[in-house]
Amino acid sequence: MIFKNLTDTKKTNIFVLILILGQFLISFLSVYALGFIPDFYPTTQMAYHLLLFGLPVILYFIITKKPVREVLSLRPLSIRNIITIILISFTMQPVLSVFSFLSSLVFKNNIASALMEMQDVSVGWIIVSMAVFPAVLEEICYRGIVLYGYRNLNPLKACLMSGFLFGIMHFSAQQFLYAFFFGVILGYFVYKTKSIFASIVSHFTINASQILFSRVLSGLSLSEGYSSATDMAGTEVFSTLFYLISAVVFTAPFLLLFFWYFERINRDNGFLSDWNYQAGKPREKMFDAAIWVVILIYIAIAIVPEFYNYLA
């Protein structure tokens, strides 16, 4: 087979391209499939994640016959790591909020708008569909299969690449910046702990806290400003940015402390050292034709329409 002679990095890039094409196809066909799915947003989201991530993962292991435990880094995570990662995720939330808000000044925050429109849906259903399913299935793909496929790259480059593709996967200009940054941190967690459960815990914590935060804002009647930053007046922009940066400054010492402790309890797993790199094997290039196609698809679908609407 033609794939037999390809490097692991090239195979991984093709896998990502298939994921992106599948995402585009499923989004296109979903219009016709809505008649077969209950008109309930959480159910639609769960079905979407199962088709987009669950099915490709199953096919990946059937076709490649690779060991599931090794590829997905299915190793136990200590209680100390779980608690520390949760604390890091909570204190990192203001940083992610700054990235999200800055992007929202130019691009519409569709996730925030969707959360505000689902106030009549049980918070339990929303957490399952928008926190549990994404945390498990997206991490299996991007910090499991993809990160494993980049194991012959320098770990820092591998984390940057998986974060970059994670940002693209959201197909949202507004979400790209913070998803990219967050994806890099998630890769770092997996490299340090050698366990995918580290990124799953963090991903779930961030998503669930955002859902709960949106409910609090709704209860305080602050939903309009939160979901429509593009419509804010200049004074509102600066005041909101001031509060967000103040939150970053306040939480920064705690965030650094938690990161320091995380490094200490995982000091035996060096981040900048090679993970599964085989001595004598040449380094592999990150970017190839498959990745450039992914980037072009993202620009055409996520960036161009946003700028067209912005300029219109």
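1. Let's start on the outside. At 53% relative accessibility, I62 counts as exposed, because the cut-off for that word is over 50%. Keep in mind as you look around that this is a predicted model. I62 sits in helix α2, which covers residues 41-64. It also belongs to a nonpolar surface patch, together with L51, L55, I58, L59 and I63. Between them, these six residues offer about 610 Å² of accessible area.

2. Now step back to the whole chain. You'll find 12 helices and zero strands, so if you read the elements from the N terminus on, you just get α again and again. Of the 312 residues, 48% are buried. The accessible surface comes to about 16000 Å², and 71% of that belongs to carbon and sulfur atoms. Contacts are worth a glance too: among those with a separation of 6 or more, 82% join residues 24 or more positions apart.

3. Next, the aromatic rings. How many aromatic pairs does the structure hold? There are 18. Take F171 and Y298: their ring centres are 6.3 Å apart and their planes meet at 45°, so this pair is tilted. F171 lies in the loop between α7 (155-169) and α8 (173-193), while Y298 lies in helix α12 (residues 289-311), so the pair ties together parts that are 127 residues apart in sequence. Both rings are tucked away: F171 counts as buried at 17% relative accessibility, and Y298 counts as buried at 7%.

4. A second pair to click on is Y188 with F259. This one is tilted as well, with 6.0 Å from centre to centre and 55° between the planes. Y188 belongs to helix α8 and F259 to helix α11 (residues 234-265), so here the pair ties together parts that are 71 residues apart in sequence. Y188 and F259 are buried.

5. Back to F171 and Y298 for a moment, since they have company. F164, F171, F176, F180, F287, W292 and Y298 form one aromatic cluster. Try colouring those residues in your viewer.

6. F171 turns up again when you look at Q23. Which residues is Q23 in contact with, leaving aside its neighbours within four places in sequence? They are Y48, L52, M169 and F171. Q23 itself lies in helix α1. Buried or exposed, then, for Q23? Buried, with a relative accessible area of 7%.

7. On to charges. Side chains of opposite charge can pair when their charged atoms come close. The structure holds three salt bridges. One of them joins R151 to D8, with the closest N and O atoms 2.9 Å apart. This pair links distant parts of the chain: R151 is in the loop between α6 (123-149) and α7, D8 is in helix α1 (residues 8-33), and their positions lie 143 residues apart in the numbering. R151 is buried, and D8 is too.

8. R151 has another partner worth pointing out. The charged end of R151 sits over the ring of Y148, 4.0 Å from the ring's centre. So, if you centre your view on R151, look for D8 as its salt-bridge partner and for the ring of Y148 beneath its charged end.

9. Another salt bridge joins E139 and R143, whose closest N and O atoms are 2.8 Å apart. Why are E139 and R143 separated by about one helical turn? Because they are four residues apart in helix α6. E139 and R143 are buried. R143 also lies over the face of F166, at 4.4 Å from the ring centre.

10. Last, the salt bridge between E263 and K192, at 3.1 Å from N to O. E263 lies in helix α11 and K192 in helix α8, so the pair ties together parts that are 71 residues apart in sequence. Those two helices should ring a bell, since F259 is in helix α11 and Y188 in helix α8. The two ends of the salt bridge are worth checking one by one: E263 counts as partly exposed at 32% relative accessibility, whereas K192 is buried, with a relative accessible area of 2%.

How values were computed:
Residues numbered from 1 in each chain as written. Predicted model: local features only at pLDDT ≥ 70, side-chain atom pairs only at ≥ 80, totals over all residues. Heavy atoms only, no water. Phe/Tyr/Trp six-rings, centres within 6.5 Å; stacked < 30°, edge-to-face > 60°. Buried < 20%, exposed > 50% of the residue type's maximum accessible area, 1.4 Å probe, protein only. Lys NZ or Arg CZ within 6 Å of the ring centre and 35° of its normal. Contact = heavy atoms within 4.5 Å. Areas by Shrake-Rupley, 256 points an atom, 1.4 Å probe, with all protein chains shown as cover. Patch = residues over 30% accessible without salt bridge, like charges linked within 9 Å, V, L, I, M, F, W, Y side chains within 5 Å. Salt bridge = Lys/Arg side-chain N within 4 Å of Asp/Glu carboxyl O.
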